[in-house]
Amino acid sequence: MFEHIVQMGPMLVLAGLIAGWVAEVVSRQDGHGFIRNMVLGLVGSVVVGSTVWVVLSSEAGMLAMFLVGCGGAALAILAHRMFWRSARRGTVLIPSRPDEGGVRGY
């Protein structure tokens with residue numbers, strides 16, 4: 001059993017990091033951040049992959065666990081983007097000079 005965990009752990013970590021990187025490359029302008037995408041991908045992959053491994057079958061192959069890890073990472077990243085705003089979307093620009101028709105940003 002320990003040998004199986006040692007083999008599947010790196011697959012889940014690799015899947016999470018790849019999914020986080022792909023999410024950053026695909027949607028660079030969203031403002032979520034590279035580190036946040038990588039961490040979310042890693043956490044989602046490990047949590048979902050471990051759950052599937054324990055509940056369904058410990059006999060799944062490395063490719064199957066990699067794909068499950070990618071799916072878990074994608075779910076975590078999508079859930080984050082659905083429920084939390086990015087830093088750029090919530091930004092409101094206020095002109096610093098009163099003659100521009102805005103409120104002074106103090």
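**Close-up views of a three-helix chain**

**View 1. S45 has its place in helix α2.** Helices are DSSP runs of H or I with at least four residues, strands are runs of E with at least two, and both are numbered from the N terminus. The model is predicted, so that local features need pLDDT of at least 70 and side-chain atom pairs count only at pLDDT 80 or more, whereas totals for chains, interfaces and linings use all residues. Residues are numbered from 1 along each chain as its sequence is written, and side-chain values use heavy atoms, with hydrogens and water left out. S45 counts as buried because its relative accessible area is 0% (buried is under 20%, exposed over 50% and partly exposed in between, with a 1.4 Å probe and protein chains only). With neighbours within four places in sequence set aside, S45 is in contact (heavy atoms within 4.5 Å) with L12, V13, A15, G16, S50, G69, G72 and A73.

**View 2. G71 and L75, both shown with S45, belong to helix α3.** For G71, the C-alpha atom is separated from that of S45 by 7.2 Å, although their positions lie 26 residues apart along the chain as the sequence separation. L75 stands 30 residues from S45 in sequence, and in space their C-alpha atoms are 8.8 Å apart. The accessibility classes of the residues in this view are not alike: L75 is exposed because its relative accessible area reaches 55%, G71 is partly exposed because the corresponding value is 33%, and S45 is buried at 0%.

**View 3. Helix α1 (residues 2-26) crosses helix α2 at roughly 145°, with the axes coming within 7 Å of each other.** Axes are lines fitted to C-alpha atoms, for helices over the stretch in contact, and angles run from 0 to 180 degrees between N-to-C directions. On the α1 side, the residues that meet α2 are H4, I5, L12, V13, A15, G16, L17, G20, W21, A23 and E24. Their counterparts in α2 are F34, N37, M38, G41, L42, S45, V46, G49, S50 and W53, a list that contains the buried S45 of the opening view.

**View 4. N37 of helix α2 (residues 34-55) is joined to E24 through a side-chain polar contact of 2.7 Å.** A polar contact is a pair of N or O atoms within 3.5 Å; within protein, one must be able to donate a hydrogen and the other to accept it, and residues adjacent in sequence count only if both atoms are side-chain atoms. Both partners also appear among the residues through which α1 and α2 meet, E24 on the α1 side and N37 on the α2 side. N37 counts as buried because its relative accessibility is 1%.

**View 5. I77 and A79 of helix α3 are shown together with L40.** Helix α3 covers residues 62-83. I77 is 37 residues from L40 along the chain, and the C-alpha atoms of this pair are separated by 5.9 Å. For A79 and L40, which are 39 residues apart along the chain, the C-alpha separation is 9.8 Å. Residues up to four places away in sequence not being counted, I77 touches A19, G20, A23, N37, L40 and G41, so that the N37 of the preceding view is also one of the residues that I77 touches. I77 is buried because its relative accessible area is 5%, while A79 is partly exposed because its value is 32%.

**View 6. The whole chain, given for orientation, contains three helices and zero strands.** Read along the sequence, these elements follow the pattern α-α-α. Of the 106 residues in the chain, 28% are buried. Among contacts between residues at least 6 apart in sequence, 73% join residues that are at least 24 apart.
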